[in-house]
Amino acid sequence: MNLPGFTASKSVPGAPSLPLWTRGETNAFFGLGFNILVNVLTLTSLLIFVVRVPSGDVLGTVLPALGVAMLAGNVYYTVLARRLARRENRSDVTALPYGPSVPHMFIVVFVIMLPIFLSTGDAVRAWEAGLAWAFVIGVIVLIGAFIGPFIRRITPRAAMLGTLAGISLTFISMRPAGQIWDAAWIGLPVLGIILVGFFTNIRLPGGIPIGLAALLVGTAIGWIGGYMSVPDVSAAVSDIAVALPGFHVDMLLNGLGDLAPLLATAIPLGVYNFAEAMSNVESAAAAGDNFNLRSVLLADGAGAVIGAALGSPFPPAVYIGHPGWKASGGRSMYSMASGLLIAVLCFLGLFGVLAAVLPTPAIVPILLYIGLLIGAQAFQSVPRIQAAAVVAAILPNLASWGVGQIDNALAAAGTTADQVGEKALADAGLVYSGLKVLGEGAVLAGMVLGSVVAFLLVRRFYASAIAAAVGAVLSFVGLIHAPEVSWAAAPEVALGYAMLAIVLVAFGFLRRDSDDAAGAVAAAAEAETASH
């Protein structure tokens, strides 16, 4: 692999110990720390302003619970990284990044909690349902820990990295890009500092960390330009309060009492979680750090279960972006430092102050950098012939993102796609229903589609047919290309995959007959040569 600013991992013969901190750790610490910070600020706003959970409960219960998960998880991944470094006698192992899962933040709020709040007017009941949903997600990921390694072995790298690139280019990159250009006079200078510093390895005078310099420059521009407000800071400071975590098993049990309606989204999203974790571990392996997938999945699942018991409806997960933090110089300790920072901020209730002090356009460029790097890695870490498979794996996430944008725009106008009608959408040039079907279960769908194309490109037609058959089964039960898990959830799509499998099997027979004929001709030619 040849990522700009990245040097492949090499053994360090005879290295007796690992440094506790390196220059690059500081860059990665600021990058990951502010990445998680943005996400925690987002989920805090969603709970308070969308679901109407009292701010005291959010700051006093949810955030401390999240702080425990962030600290424990990032310490765990630091330990894994240092253990791998010692086992392989290397000093350049980079820990996996860890934080609250971004897609799940929006799904648990808008799909699980908000409908319950709107129908009952009870924010606490909606919160309890969110806890139960997060708990089920964790249990499914724990189960996935025992089948995930097998799935990883049989799935082509192009399919896994292509799926990850699809998530990165859409859900990770596009919103930050919009936020940067919405205040380009703040965001673009910050983006320039980050790209130059991380992609070219040019150091700033005095050894100032790139991430810190970018944040300080962006914050200064925002304040000087009048983007920020002093009264907002004063109001946020008055809300500071120390809070410690505690168990809320009673709320979790209340939520589990009405579990059935939650399973329709919890099952596919639990599968999504361990599928994404597989792709992230594969991404780290492509960058030189081969972590044990089962250990990763067990930690992710346990984090969601424990977090739900403490009061957080937001499942944590290994983040996309390991190669980016590796390229910026991060090693084993940046992850633990980031987790400690977020935990302290959660326990002290400082997120309101930070939201008032730091301009969003000064923070989000780091996410766009990660998106660029992960997208590049997907193409650079597979043979050139597999590039089409990477693109195929990207497509479902593009469709999912596009449908989400359409739905959000229609919701802002006070309507829905069903109310507008398929014909009106088609007349406007939108293939809405097809994009929606393609984007349902996008992570698994991308892995299936990418696998079909990856095997086909190397003329493994039977393996490609098996991947298509798996797509048929997953479609039939609703794990992909369907809005919910149910029997015969998407029969037409399942039939399409089944017919695709038949076509691929036919080509497999055709290739075998062709190979047999070619072999017979070669044998005859060899016999004729021998007779002469």
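**Exercise 1.** In this predicted model, describe the salt bridge between Lys436 and Glu440, and decide for each partner whether the residue is buried or partly exposed.

*Solution.* Begin with the contact itself: the side chains of Lys436 and Glu440 form a salt bridge, with an N to O distance of 3.6 Å. Next, take the lysine, where a relative accessibility of 32% places Lys436 among partly exposed residues. Finally, take the glutamate: its relative accessible area is 17%, and because buried means under 20%, Glu440 counts as buried.

**Exercise 2.** Work out which residues are joined with Arg90 into one salt-bridge network, and which parts of the chain the pair Asp289 and Arg90 ties together.

*Solution.* Step one is to set the scope, since a search of the whole structure finds seven salt bridges. Salt bridges that share partners join Glu88, Arg90, Asp92, Asp289 and Lys326 into one network.

Step two is to follow the partners of Arg90, among them Glu88, whose side chain meets that of Arg90 at 2.4 Å, N to O. Arg90 has a relative accessibility of 4% and is therefore classed as buried, whereas Glu88, at 31%, is partly exposed.

Step three is to turn to Asp289, whose side chain also forms a salt bridge with Arg90, at 2.5 Å from N to O. Asp289 lies in the loop between α11 (260-286) and α12 (293-310), and Arg90 lies in the loop between α2 (55-88) and β1 (98-100), so this pair ties together parts that are 199 residues apart in sequence. Both Asp289 and Arg90 are buried.

**Exercise 3.** Characterise the packing of helix α5 against helix α18 by distance, angle, handedness and contacting residues.

*Solution.* Two packed helices are described by the distance between their axes and the angle between them. Here the axes of α5 (residues 157-172) and α18 (residues 387-412) come within 7 Å and cross at roughly 35°. The handedness comes next, and α5 passes α18 in a right-handed crossing. To complete the picture, list the contacts: the residues of α5 that meet α18 include Ala158, Gly162, Gly166 and Phe171, while on the α18 side the residues include Ala389, Ala393, Asn397 and Trp401.

**Exercise 4.** Identify which residues make the nonpolar surface patch of about 470 Å², and place Leu340 within the secondary structure.

*Solution.* The patch is made by Val242, Leu244, Leu340, Val344 and Leu348. Of these, Leu340 is found in helix α14, which spans residues 333-348. As a last step, consider its accessibility: Leu340 stands at 46% relative accessibility and therefore counts as partly exposed.

Methods:
Residues numbered from 1 in each chain as written. Predicted model: local features only at pLDDT ≥ 70, side-chain atom pairs only at ≥ 80, totals over all residues. Heavy atoms only, no water. Patch = residues over 30% accessible without salt bridge, like charges linked within 9 Å, V, L, I, M, F, W, Y side chains within 5 Å. Areas by Shrake-Rupley, 256 points an atom, 1.4 Å probe, with all protein chains shown as cover. Salt bridge = Lys/Arg side-chain N within 4 Å of Asp/Glu carboxyl O. Helix = DSSP H or I, 4+ residues; strand = E, 2+ residues; numbered from the N terminus. Buried < 20%, exposed > 50% of the residue type's maximum accessible area, 1.4 Å probe, protein only. Axes fitted to C-alpha atoms, helices over the stretch in contact; angles between N-to-C directions. Left-handed = near helix turned anticlockwise from the far one by under 90°. Contact = heavy atoms within 4.5 Å.
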